[in-house]
Amino acid sequence: MTAPIEADVAALSYEAARDELIQVVSRLEQGGATLEESIQLWERGEALATRCEEWLIGARKRLEDARQGGASSGDAATQPENGEAF
């Protein structure tokens, strides 16, 4: 995966990454793309799926912390790598 794809995806909210991932999967399922286009779509989809997973892991951690009366919502360990708040 290339650095521009990673940087671009890192700025996305969960909802934006999820919605774009749905579009990428749909385009791949429709077929008709060249091999090169399909590879680019696949790489983009992988990056988007990873971004969604980061958000979900962070959300799960925040829920676990809240159940235990633990960390505050500003805890950097509970946020995605780029530091965006949930």
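1. In α3, the buried residues (under 20% relative accessible area with a 1.4 Å probe, protein chains only) are Leu-41, Arg-44, Gly-45, Ala-47, Leu-48, Arg-51, Cys-52, Trp-55, Gly-58 and Asp-65. Helices here are DSSP runs of H or I with at least four residues, and strands are runs of E with at least two, numbered from the N terminus.

2. This is a predicted model, in which local features need pLDDT of at least 70, side-chain atom pairs count only at pLDDT 80 or more, and totals for chains, interfaces and linings use all residues. Residues are numbered from 1 along each chain as its sequence is written, and side-chain values use heavy atoms, leaving out hydrogens and water.

3. Confidence first. The chain has a mean pLDDT (the predictor's confidence in each residue, from 0 to 100) of 85. Of its residues, 73% reach 70 or more. Helix α2 (residues 14-30) has the highest mean among the elements, 97. Helix α1 (residues 3-10) has the lowest, 76. Where pLDDT is low, the predicted coordinates should not be read in detail.

4. The fold is quickly described. The chain has three helices and zero strands. Along the sequence the pattern reads α-α-α.

5. The length of helix α3 (residues 35-67) checks out. Its 33 residues should span 48 Å at 1.5 Å a residue, and the end C-alpha atoms are 48 Å apart, so the two agree. The expected span is 1.5 Å times one less than the number of residues. Just after α3, Gly-69 takes a positive phi of about 70°.

6. Now the core. The largest nonpolar core (buried Ala, Val, Leu, Ile, Met, Phe, Trp, Tyr and Cys residues joined through side-chain atoms within 4.5 Å) has eight residues: Val-9, Leu-12, Ala-17, Val-24, Leu-41, Ala-47, Leu-48 and Cys-52. α2 and α3 each supply at least two of them. α3 gives the most, with four residues.

7. Leu-48 deserves a look. Not counting residues up to four places away in sequence, Leu-48 touches (heavy atoms within 4.5 Å) Val-9, Leu-12, Ala-17, Glu-20, Leu-21 and Val-24.

8. Ala-11 sits in the loop between α1 and α2. Ala-11 counts as exposed (over 50%) because its relative accessibility is 52%. Its C-alpha atom is 9.2 Å from that of Arg-51, 40 residues apart along the chain.

9. Chain totals. Of the 86 residues, 21% count as buried. Among contacts between residues at least 6 apart in sequence, 70% join residues at least 24 apart. The accessible surface (Shrake-Rupley method, 1.4 Å probe) comes to about 5,800 Å². Carbon and sulfur atoms account for 53% of that surface.
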